[in-house]
Amino acid sequence: MTEKFDCLEDFENLAKTILEKARFKWIAGGSDDMVTLTDNKKAFDRYRFRPRLLQDVSKLDTSTTLLGNTIASPIAMSPTAFHRLADYNEGEKATAKASCSANTLMVLSSFSNTRIEDVKKAAPDGLYWMQVQLFKDKRITENVVRRADAAGFKALVLTADQPVFGKNRRDSAYKNISLKDHPDLLRSINLEYAGLEKYQIDDAQTWEDIKWLKTITKLPIVVKGITTGADAKIAVQYGADAILVSNHGGRQLEFLPATIDALSEVVAAVEGSGVEVYMDGGVRRGTDVLKALARGARAVFIGRPIFWGLACNGEEGVTQVLDILKEEFRRSMCLIGCSRLSDITPSMVVHESYYY
Ligand SMILES: Cc1cc2nc3c(=O)[nH]c(=O)nc-3n(C[C@H](O)[C@H](O)[C@H](O)COP(=O)(O)O)c2cc1C
């Protein structure tokens, strides 16, 4: 691949020309009129920086820890289903290898095309967390949890914003994805347990299910999908170890706030609890990462750009996506006058209305 990529948008544009139309549409899509989806990105543009000049940024360190695990920069991968849609041969194995060589964290989706054990085998030194979903038949969730634990995954990410699937434009795209050459393209191989080929999400799920999870595993639990301070406080009460502020990339409840806007309320709500707060949704540039950290996130996670990297250039494409975002972030840190992540403070970013 001789393509020159300057930014993540270049990957998106090329992926659009490479992928079958229905596949690209399903990956790109969001709920209803895609207001939240669009706002996730646009909201970043509403913040302005207030740098500190002449700070000696010659020795930069972007590394951090997430629940005690060290990663090279505060940029990790959100769980997303079916990576073989973008790289049929390698799928999640390619993502895992790229994640490992970038020294970052991959959250494997329960709806992945690749077995938990095979992901780990593809890049044994990688850092993995497992996304879990509460199913009506709890044995399916339990099986995923136990296998991830046995394979050395370091935490569970409980998706809490999906008691039912959002009504999405992507649904029609999903139905149009051609399975002619690859009948297993949309196969959630990790959910096939005890002869159960069909899973049903438990629409009766409650916070009490976190207690149940704690009876079957000692792994730390990250609650994904929180957008309010009130829910963040409940998550802490129920023993969550971390919170991933997320509106599911605009694919679940429409008219949720952009995550960069919702972030500060959540950070304030859990202050002093020791619970880590991360965010995902619309992160596409190094400055987005910097804004999220200034507003209190410990790290950001990315979803769709992983598919674009896979579609454009497989494992190498994901590596390039991660490299570009990290390089942009490093540069932004230098320009704002920070050498370490702990130098980034809330006073370094303001809403644009500050200047009106
Ligand atoms: C194609 C696709 C599949 C996804 N699959 C899952 C999933 O299986 N579990 C989950 O918790 N979130 C899933 N998400 C949501 C992502 O984890 C994440 O919240 C979102 O993609 C972040 O926004 P971004 O794509 O703008 O970076 C998915 C998102 C996309 C785009």
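The questions and answers below concern a predicted model of one chain.

Q: How many helices and strands does the chain have?
A: In this predicted model, secondary structure of both kinds is present along the chain. The count is 12 helices and 12 strands.

Q: What radius of gyration does the chain have, and what would a compact globule with 356 residues have?
A: The C-alpha atoms fill a box of roughly 65 × 50 × 40 Å along the principal axes. For 356 residues, a compact globule would have a radius of gyration near 21 Å. The value for the chain agrees with this: 19 Å.

Q: What share of the contacts with a separation of 6 or more comes from residues 24 or more positions apart?
A: One pair that is distant in sequence is Trp 26 and Tyr 174, 148 residues apart, with their C-alpha atoms 5.7 Å apart in space. Over the chain, the share of contacts from residues 24 or more positions apart is 75%.

Q: Is Trp 26 buried or exposed?
A: Trp 26 is part of helix α2. A residue needs 20 or more C-beta neighbours within 10 Å to be called buried. Trp 26 has 25 inside 10 Å, so Trp 26 counts as buried.

Q: Why are the buried residues of α1 on the same side of the helix?
A: Helix α1 spans residues 8-18, and its buried residues are Leu 8, Phe 11, Glu 12 and Ala 15. In an α-helix with 3.6 residues a turn, residues three or four places apart point the same way. The buried residues of α1 are on the same side because they cover an arc around the axis of only 100°.

Q: Which helices are included in what covers the buried residues of α1?
A: The residues to be covered are Leu 8, Phe 11, Glu 12 and Ala 15. Their cover includes α2 (21-28) and α12 (304-336).

Q: Which element gives the largest share of the largest nonpolar core?
A: Nonpolar side chains tend to be buried together in soluble globular proteins. Here the largest nonpolar core has 103 residues, and Ile 243 and Val 266 are among those with the most contacts inside it. Ile 243 touches residues including Val 223, Ala 232, Val 266 and Val 277. The largest share of this core is 14 residues, from α12.

Q: Of the 22 residues around the ligand, which come nearest?
A: The shell around the ligand divides into six nonpolar, 12 polar and four charged residues. Those that come nearest are Ser 78, Ser 109, Thr 159, Gly 249 and Gly 303.

Definitions and conventions:
Residues numbered from 1 in each chain as written. Predicted model: local features only at pLDDT ≥ 70, side-chain atom pairs only at ≥ 80, totals over all residues. Buried ≥ 20, exposed ≤ 12 C-beta atoms within 10 Å, placed from the backbone. Helix = DSSP H or I, 4+ residues; strand = E, 2+ residues; numbered from the N terminus. Arc of directions from axis to C-beta. Contact = placed C-beta atoms within 7 Å. Near = placed C-beta within 6 Å. Nonpolar A, V, L, I, M, F, W, Y, C, P; charged D, E, K, R; others polar. Rg over C-alpha atoms; globule rule 2.2 N^0.38 Å. Core = buried A, V, L, I, M, F, W, Y, C linked by C-beta atoms within 7 Å.
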